[in-house]
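Me: Got a minute to go through this one with me? Here it is.

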Amino acid sequence: MEKATFRIWRGDASEAQFVDYETEVSEGMVVLDAVHRIQAEQANDLAVRWNCKAGKCGSCSAEVNGNPKLMCMTRLNDLPLDQPVTVEPMRAFPIIKDLVTDVSWNFKVKEKMKPFTPRPPDAEDGTWRMEQEDIDHVQEFRKCIECFLCQDVCHVLREHDLHDEFIGPRFFVYAASLEMHPIDTENRLEELKNEDGIGYCNITKCCTKVCPEHITITDNAIIPLKERVVDQFYDPIKKLFRVFGG
Amino acid sequence: MASYETFDYDVLIIGAGGAGLRAAIEAATGDLKIGLVCKSLLGKAHTVMAEGGVAAALANVDERDSWRVHFADTMRGGQYLSDARMAELHAKESPDRVRELEAWGALFDRTQDGSILQRNFGGHQYPRLAHVGDRTGLEMIRALQDHGIHQGIEVHMENTVVSLLKTGDRVSGAFGYEREKGRFKIFSAKAVVLATGGVGKAYKITSNSWEYTGDGHSLAYHAGAELIDMEFVQFHPTGMVWPPSVRGILVTEGVRGEGGILTNSEGNRFMFDDIPELYVNQTADNPEEGWLYTQGDREARRPPELLTRDHVARCIVREVQEGRGSPHGGVFLDIAWIKEKIPNAPEHIRRKLPSMYHQFKELADIDITEEPMEVGPTTHYIMGGIRVDADTQMTCVPGLFAAGECAAGLHGANRLGGNSLSDLLVFGKRAGEYAAQFALENGTVPLEESEIDTIAQHVLKPFDNPEDGDNPYEIQAQLQEKMQELVGIARSQESLTQALQEIQSLREKADNVHAIGNREYNAGWHTALDLDCLLTVSEATALAALERKASIGAHSRDDFPEKEEPGAGKYNTIVRKDNDGVMAIRRELVPDLTEEYQQIIEEMG
């Protein structure tokens, strides 16, 4: 059987380094399979998050050869195995141990956002009527598996560390799923402009590129939200007055 | 003395999949303090993987549907071993539970008139499954999660409960550890709801994740509760079989609901060859009728691919065993063929089955719009589980409740697809409601310190075991091999007796497994601790399988091919820990159906 080397980040916040593991690889294997094999045979205490192993739960996010990926959906035959495959944790979040990061910030962000607030039901049985074409976009946003790879790759979080002022692509998608929900009545634009920092996004589309669910984050969620914020808060005539009035 | 942090709750819920979240939301409607403990991050539980849909007789697509038809379908699917009262409550309440999700933000696919769309599924007479493409579980868990986080529930993510605590006869809390630092947590509670899911990790080929180690079953058993019908393990007929690393990953029944057909290496639609007596009147006798059914023709009968899962799985095994399998030991599941029938078939398939399209494209290099998939049975679900009261979901241990997959009663000998997501909602809500009521009516009971110390020592034992003790992963793998081989789809006196011996010897080894490293996020240590649960549920399943000398529903005995044991009547198997700490089994006759239930079943044909 063929062998390959995996260069895996081991350690915690105080001390960590890459450690090389050689293991057998076979047809169809994904990176997570190799990590599991190493864990079972050579490093029982290796920390890695995973659940479904089918790209549906968004637990096994990591950086494979420097690219943000779900380990369960990254096939070894798409990687050059003549050199070590590096596997390291997401870099935009504090490390807990090995491949596991502390993503609790994301859960706190969501909790602070205004929840879904439906209009009164359309029918007597307490239900609503919605056209499929009116919910297609929102269903696209609701495909999100909360893997947080978009957060990991966003430079506002990753390089500038603005976690206190910017909620990141995942939560713009979440906001869009609520704002564009046909029966939601809440308005979240003021928060998006102020606390959520949507203005920091300069639409480089890095998030869209890494989304394993192929959600068009920038074009379908962030840009329309930015437009709504502009419409509500930056009336062009008033803005002219502000600029020339000092 | 062990060091630990203590948390006090009125109601403690263990597990945050559909049932746990729904129970927590319900229990939190009053002023009670609710704790929710889950092994993974919130929103990652197994519910997220459910694909096809949630069964509810909304009658949006076919107005002939009603709770009575759903009830009759569930009872028939379960071979009349289900608890009829649970089947009634489930059929009556699931429509409201589904509508309620919409009020919390869920967005199901729509009909032309803008209401919730429903699709066909095996064993359901009418299109009944509310769905979102093939990612219904994700929609459901997200709706519950996003609503739940605003209800004042305290969530302990990445925490594992290793033992329930009892004071006298009553449950008084739970002992757990948090993953990050490996520190202990003691949860004191007036009522505890188990919602921990299933046992699939006891098998080698499974659609289940690492979490499915039978924790709730085992916790309840050790606390004195009864487990019923543990022999009924559902082998879903269509799991991926190739490449080896993805073997077992689920291929939704929705593929067949949308017109997918099963063929063997000779190109024969073998499901037409064997249609069970109970379903002859409801099943199409030619391919065209089957196709028309999947396209919504109300006069057509369902294709044999949509017979119940136990039967379809057995037919697939038969084809493979008799040399008519696919190259990698499965059969073919073909949805691409529908291009003969409809224009734009590839686009239609990608829209209806998006995650299946991606799963095969990315993991197997197969384009399902162009070529057939290879599929075979995979361990998917356990019908058996913790015995509960149908209305309240309380076990025989006062204050201990269970809901969802870890509880039993609704599905009898075989579960219909789509009846799990509805089970989670209906009985999750009921468990939350009655656990809250129990907490209001009963005060706090003090915890027993000495018990806590004993558990702590046990939990740390893998670190203290000699370094030459076995590797926990090795023992887990051996158990999975043996369960697959000896307690799988085909069982016999011989295989089951051997299985019980193997389990016994693995238990001795499990006691001596060694954990390396420290307590921080240590997967090896956690695997060592999971072994006890896995061995407990494996033993219960093997023991119950040995007890049931018949082949019914998901349980097949090579040595007893008949559906019923002469003179034995219809019975449930019941496993309980006896006074000496030994696993004991007995039978209990299923009560006769009331006249009213009987009448519904007869009416619904």
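**Strands, helices and packing**

Reply: Sure, and I'd start with strand S7 (residues 159-167) of chain B: 8 of its 9 residues are buried, so S7(B) is largely enclosed by the rest of the structure. Bear in mind that this is a predicted model.

Me: OK, how many bridges pair S7(B) with strand S8 of chain B, and is the sense parallel or antiparallel?

Reply: There are 8 bridges between S7(B) and S8(B) (residues 170-178), and the pairing is antiparallel. To get your bearings, find Leu165(B), which sits opposite Gly173(B) of S8(B).

Me: And which residue has a positive phi in the hairpin of S7(B) and S8(B)?

Reply: That's Gly168(B), with phi near 65°. The hairpin has 2 residues between its strands.

Me: Switching to chain A. What's the strand order in the open sheet?

Reply: S2-S1-S5-S3-S4, so 5 strands of chain A with mixed pairing. Strand S2 (16-25) and strand S4 (67-70) of chain A are at the edges; each has a single partner strand, so one side of each has no neighbour in the sheet. From one strand to the next, the twist averages 35°.

Me: Which helix packs on that sheet, and which strands does the helix touch?

Reply: Helix H1 (residues 31-41) of chain A does, touching S1, S2, strand S3 (61-64) and strand S5 (85-88) of chain A. The direction of H1(A) makes about 100° with that of S2(A).

Me: How many bridges join S1(A) to S2(A)?

Reply: 10, with strand S1 (residues 2-11) of chain A and S2(A) running antiparallel. One pair to look at is Ala4(A), whose bridge partner in S2(A) is Thr23(A).

Me: Which residues of helix H3 in chain A are buried?

Reply: In H3(A), residues 132-141, they are Ile135(A), Glu140(A) and Phe141(A). Their cover includes helix H6 (169-179) and helix H9 (217-233) of chain A.

Me: Back to chain B: at what angle do helix H13 and helix H15 pack, and how far apart are their axes?

Reply: H13(B) (residues 472-486) and H15(B) (residues 523-547) pack at about 25°, with axes 9 Å apart. That angle makes H13(B) roughly parallel to H15(B), and the crossing is left-handed.

Me: What residues make the contact?

Reply: From H13(B) they include Ile475(B), Leu479(B) and Met483(B), and from H15(B) they include Ala528(B), Leu531(B) and Leu535(B). By class, the contact of H13(B) with H15(B) has 9 nonpolar, 4 polar and no charged residues.

Technical notes. Residues numbered from 1 in each chain as written. Chains lettered and ligands numbered in written order. Predicted model: local features only at pLDDT ≥ 70, side-chain atom pairs only at ≥ 80, totals over all residues. Buried ≥ 20, exposed ≤ 12 C-beta atoms within 10 Å, placed from the backbone. Helix = DSSP H or I, 4+ residues; strand = E, 2+ residues; numbered from the N terminus. Contact = placed C-beta atoms within 7 Å. Pairing = 2+ DSSP bridges. Axes fitted to C-alpha atoms, helices over the stretch in contact; angles between N-to-C directions. Parallel < 35°, antiparallel > 145°, perpendicular 65-115°, else oblique. Left-handed = near helix turned anticlockwise from the far one by under 90°. Nonpolar A, V, L, I, M, F, W, Y, C, P; charged D, E, K, R; others polar.
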